[in-house]
Amino acid sequence: MFPKDFLWGGAVAANQCEGAWDEDGKGESIQDHLPDGVKGKPSEEVESRNLKLKGIDFYHRYQEDIAMFAHMGFKVFRFSIAWSRIFPRGDEEEPNEKGLAFYDKVIDTCLQYGIEPLITLSHYETPYHLAKVYDGWRDRRMIEFFARYARTVFTRYRGKVRLWLTFNEINSIWNFPLMSAGILTPKAKLTRQDLYQAAHHELVASALAVKIGHEIDAQNQIGCMVLGAANYPRTCDPADMLAVMKENQDACFFTDVHMRGSYPAYARKRMEREHIQLQIEKEDNEILKHTCDFLSFSYYMSKCLAAEPEKYDVTSANLSWGVRNPCLAQTEWGWQIDPQGLRYLLNMYYERYEKPLFIVENGLGAKDVLLKEAKDGYMVEDDYRIRYMNDHLLQVARAIELDGVEVMGYTVWGCIDLISASGAEMKKRYGLIYVDRNDDGSGTMARCRKKSFYWYAEVIRQNGANLIDHPQSA
């Protein structure tokens, strides 16, 4: 059903799990100034109510957590390095040794259990100094700072880490320029020129990181990562289909440059039409030719598009907006559940690039409830999460078996409960491991297994052979 070398695992982000926001020389990140999550306004001061400051204390409990991942049978663990742990301000010449030493220990613990690290260089965590002084990726000097950071960690972890991602959900810059690109200027004051120029700087930095990573270790496999969603027309009106085409172009703008090494014709034409003139240095086009080895993406839902969206109910999910699909169920947070959309998206990307794909985020956020006493070794009976993962993984299997798509692996998002990115809250839980922490900051941080923990362990053990074909996922 799945290839023998399929990489099963889970994924987290430093700013949502580590905590220890000011320990061992770490500098402030933009996340330390977003106490209400992506949709809140940044605060000038770090506020104690920000749950991310303590996270789930992965910084001190990583050994316990990785041991639990190993018990599930993880082949790979995706995590991010907090840029401000390595370069506290972001623009220093020399790195912070204590920050590097922390990730030495995390990586070594993974390897001890036979788990391959998959590291994201920038996961919504621009150092706050770079946001405040340079306005994030609007400033071209960010390319140099990022390249220095990338070179530092590629060199430090050479021979131990071979799988890397440059930017997390890089295409989210269109909707959330602060979280995505560290741009403190309010979005309402940014022009399309500003956003495209910032995106250009990130794309050049990403390609430069690929170049550096390959030079340091030819065994490195370096991928891009985008926010993925299947987009459908709300009706058979051709105008709705054109709305889908435009949305797909906005999404594929980044993957086209990452995977093909140049700006696509539709992007050049759109910039010309909108009078956007990118400031491109003579070396940029050569740098962009250093394309990614694989494409990775998050997938949680699909959405519909319409030429006149005001006629329909609007839905928002995972930093994007669309029109509600009447054929689909939805989560407690209104995210539409569409397993077949994952198969569709896998085919779309593979037909477009014919390079390996990696699903690095997929999962269900829900208000889990602890049982009064343990049942068969677990404390949360999350059959809804098991059903969600089962149905999505079945579609991955079909994309591989029936459609010939090359899929490297699957890392379930929030394999352990985290602070959510959207609302900086704890009640929206994705994990297969429950963490005793609440929205008011209370809790012991104790870990306990959910029913999905044992289910996923069996999926990994059987390499997906135990997945159930429910009628609606056929």
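**Exercise 1. Two helices that cross**

In this predicted model, α4 passes α6 in a crossing of one hand. Work out which hand it is, left or right, and which residues make the contact.

*Solution.*

Step 1. Look at the crossing. It is right-handed for α4 passing α6.

Step 2. List the residues that touch. Helix α4 supplies E97, L100, A101 and D104. Helix α6 supplies T152, V153 and R156.

Step 3. Sort these residues by character. The contact of α4 with α6 has three nonpolar residues, three charged ones and one polar one.

**Exercise 2. Describing the packing**

Find the angle and the axis distance for α4 and α6. Then name the class of the angle.

*Solution.*

Step 1. Recall what is needed. A pair of packed helices is described by an angle between the axes and a distance between them.

Step 2. Locate the helices. Helix α4 covers residues 97–112, and helix α6 covers residues 141–156.

Step 3. Read off the values. The angle is about 45°, and the axes lie 11 Å apart.

Step 4. Classify. The angle makes α4 oblique to α6.

**Exercise 3. Looking for disulfides**

State how many disulfides the structure holds. Check C252 and C304.

*Solution.*

Step 1. Give the count. There are zero disulfides.

Step 2. Set the cut-off. The two cysteine sulfur atoms must be within 2.5 Å.

Step 3. Test C252. Its closest cysteine sulfur belongs to C224, 10 Å away, so a bond is ruled out by distance. C252 is buried, at 0% relative accessible area.

Step 4. Test C304. Its closest cysteine sulfur is in C327, at 7.6 Å, which is too far for a bond. C304 also counts as buried, with 3% relative accessibility.

Definitions and conventions. Residues numbered from 1 in each chain as written. Predicted model: local features only at pLDDT ≥ 70, side-chain atom pairs only at ≥ 80, totals over all residues. Heavy atoms only, no water. Axes fitted to C-alpha atoms, helices over the stretch in contact; angles between N-to-C directions. Helix = DSSP H or I, 4+ residues; strand = E, 2+ residues; numbered from the N terminus. Parallel < 35°, antiparallel > 145°, perpendicular 65-115°, else oblique. Left-handed = near helix turned anticlockwise from the far one by under 90°. Contact = heavy atoms within 4.5 Å. Nonpolar A, V, L, I, M, F, W, Y, C, P; charged D, E, K, R; others polar. Buried < 20%, exposed > 50% of the residue type's maximum accessible area, 1.4 Å probe, protein only.
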